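Subject: Structure handover and what turned up in it

Hi there,

Here is the structure I promised to pass on. Please have a look at it first, and then read on for what was found.

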Amino acid sequence: MSYEKLNTQLIELVGGKDNIKAVAHCVTRLRLTLNDRSLAKTEEIKHLDGVIDVVSNDVAYQIIIGTHVTDVYNEFMAMLALKSDGEQAEKPKAKGVKGIASSILVMISETMSSIIEVLLAAGMIAGIMAIISLTGLVPKDSSTYMIFDTLRSSVFHFLPIFIAASAAKRMKLNEYVAMALAVGLLSTNIDGVEGLELFGYNLPTISYANTFIPILLGVWFLSIVTKYLKKIIPSGLQYFLVPALSLVLTFPVILVFFGPIGTLIGDGISAFFDLLMNTIGNWIVVMLYAAFQPFLIVLGAANFTYPIALNFFGTIGYDPIITHAATISDIAVCGAMFGYFLRAKKGHQRQMFGTVGFSALMGITEPAVFGVFVKYRRPFLAVIIGGGLGGLIAGLAGVKSMGFVWGLAALPTYLAGGTSNFIWMLISVVLGFVGAFAVAYGIGIPKEESEEEPEKKEIVESLESNQGLKQVCISKIAEGTVIPLSEVSDKAFASGALGKGAGILPSQAEETIISPVEGTVTVVFPTKHAYGIKTNNGVEILIHIGVDTVNLEGKYFESFIAQGQEVRKGDVLAKYQALNVEEAGFDPVIIIVVTNSNDYLDVISTNNEQENALLTVIL
């Protein structure tokens, strides 16, 4: 058995046979369901010969092997004496307090992420109105100001409605039924009304406006009630009875239990930070968050701070900690990228640093963090120093965020907190930018990284002048927006470990995937979400539709080819319902990589719309 040594090591390092509950594989990785993940020695597994990386998330414990994973899987299953029926590991369920807490945090994070745009819009409106009122064009006591300010404040006042819709979508409930709960809570008969009774029980006086915890718990309970009712009510009557009964059963539970619980949690968060601010001082939290936000982004934990900031806005009307620390950190990331931009000697590097730096300036740092920070590592130090310095000043000065918005566009919102508040924020941001820029420029780009790749412009010029270099053109495989591979949400593909390539964000509800080359189909995955093609020149191409879509087990996918089949450029490989995939909670991005990239001089992202070119392989 050619992979016996590797599989023996894997079985031992994941905690032995008894710790393996189920095994499956997709086109590049083993997907394990472990009884106890803490027994797995992840770092040791990462360093095994034959293992590219390990990804441990809510979906599965994934050991990335490469496109030969099927052979490894077959031997792995034989050594475990398990059958490969179904080949799909069941999704891990939350166990114990830690598992439940993790599930709750993920639910909160994903619910908040869906409504970020409207919250940002409200914050931007606050900044615009602050500037206009300072100019005297629209006085604060005018009805015109009141109208636009009401647009801003209504977003937060009716926050429970947005939360209800977002949470319901994630839990696969009817959003409008969930919104009916929120509307009821915000009605003038319920919201903040004293002396209410429910079947003789005195209800506490609770203001549900500007809150999110009671309705979030309520929608969760609604999902349980709905599932139970669908089991006991005949299908012919469900359309009429389930929505009404689920509302009638859930609404009292929110009023009696979840309302008070949400109030206690909100008050507890406020009390904790009040204690922190009155003892140690909130400056240390602002400083640490501004310094280490890029690490939180890498860990996927940055979204977990949104509820804290929203709780501040709902209880005290401003955020004393999170939002301005995020802005300082974002602009510090921009400073680090500007430092690298000036140090870079190659055109493609300058373009990359400039692009991700501008994105960070506008409050979107993921391209910089995943595209540059993870690769070069040194920029982390720049932001720790620059962002930490800016955060320290903002914290000591008591800067307050007046709108749920970050990045350069957030700065005008600080005027709503007074001129002094704006000036100190401006000083903090400038110090963060300058500090990170100075450190990044001083420590420079790692030599081995900056000199590793040949200048792509020179290669392209050589190609154009026919200097003897052979090339294979890989055409665009679907309609949509082409993105760099580094921006793909799957860590293994984004890192380039599985080969160089690109991603395509689908632009249609149903996407057709066509062959980008002439060659032989080497892989058609049973779940129809992944395909391999080998050209006559030996270029091995992997097409992967969506992230973690193996869990859909072929749903929303249709395949038109078979393994071993010869295909021509333009032949239809597959179709998939991109919109349905996204609504099911999966990233619908289409990924294409050259898995044997190391065998060639380079793989260049050409993205020529006129010639329909996506990648060029330099032989």
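For the empty spaces, a cavity here is a set of grid points where a 1.4 Å probe fits but cannot get out. By this rule there are 3 cavities of 30 Å³ or more. Please keep in mind throughout that this is a predicted model.

Let me stay with the cavities for a moment. The largest cavity has a volume of about 60 Å³. Which residues line the largest cavity? They are Ile190, Val193, Leu196, Leu203, Pro204, Ile206, Tyr208 and Leu255. By class, that lining has 8 nonpolar residues, with no polar and no charged ones.

Then there is an open site you may want to look at. The second largest pocket has a volume of about 370 Å³. It is lined by 23 residues, and the closest to its centre are Ala126, Arg152, Gly317, Met402 and Ala416. Helix H5 (116-135), helix H6 (143-157) and helix H12 (306-315) each supply at least two residues of the lining of this pocket. Sorted by class, the lining of the second largest pocket has 12 nonpolar, 8 polar and 3 charged residues.

Now for the chain as a whole. It has 619 residues, and buried residues make up 47% of them. The chain contains 21 helices and 19 strands. If you take the contacts with a separation of 6 or more, 72% of them are between residues 24 or more positions apart. The accessible surface of the chain comes to about 29100 Å², and carbon and sulfur atoms account for 59% of that.

Strand E17 (residues 590-594) deserves its own paragraph. Since a residue counts as buried under 20% relative accessible area, and 5 of the 5 residues of E17 are buried, this strand is largely enclosed by the rest of the structure. Ile590, Ile592 and Val594 point one way from E17, while Ile591 and Val593 point the other way, and all are buried. Which strands pair with E17? Strand E9 (residues 500-506) is joined to E17 by 5 bridges and runs antiparallel to it, and E13 is likewise joined to E17 by 5 bridges, again antiparallel. Ile592 in E17 stands opposite Ala502, and Ile592 is also the bridge partner of Ile543.

Strand E16 (residues 572-577) has pairings of its own. With strand E10 (residues 510-514), E16 pairs in the antiparallel sense over 5 bridges, and Glu510 stands opposite Gln577 in E16. With strand E14 (residues 557-559), E16 pairs in the antiparallel sense over 3 bridges, and here Phe557 stands opposite Tyr576 in E16.

Finally, two backbone angles to check. Most residues other than glycine have a negative phi. Phe199, although not a glycine, has a positive phi of about 55 degrees. Phe199 sits in the loop between strand E5 (197-198) and strand E6 (201-202), and at 83% relative accessibility it counts as exposed. Tyr556 also has a positive phi, near 75 degrees. Tyr556 lies in the loop between strand E13 (540-545) and E14, and its 26% relative accessibility makes it partly exposed.

Happy to talk any of this through.

Best wishes

Terms used: Residues numbered from 1 in each chain as written. Predicted model: local features only at pLDDT ≥ 70, side-chain atom pairs only at ≥ 80, totals over all residues. Heavy atoms only, no water. Pairing = 2+ DSSP bridges. Helix = DSSP H or I, 4+ residues; strand = E, 2+ residues; numbered from the N terminus. 1 Å grid on protein atoms, 1.4 Å probe; cavity = no way out; pocket = protein on both sides within 12 Å on 5 of 7 lines; lining within 4 Å. Points joined across faces, edges and corners; volume = space filled by probe spheres on them. Nonpolar A, V, L, I, M, F, W, Y, C, P; charged D, E, K, R; others polar. Buried < 20%, exposed > 50% of the residue type's maximum accessible area, 1.4 Å probe, protein only. Contact = heavy atoms within 4.5 Å. Areas by Shrake-Rupley, 256 points an atom, 1.4 Å probe, with all protein chains shown as cover.
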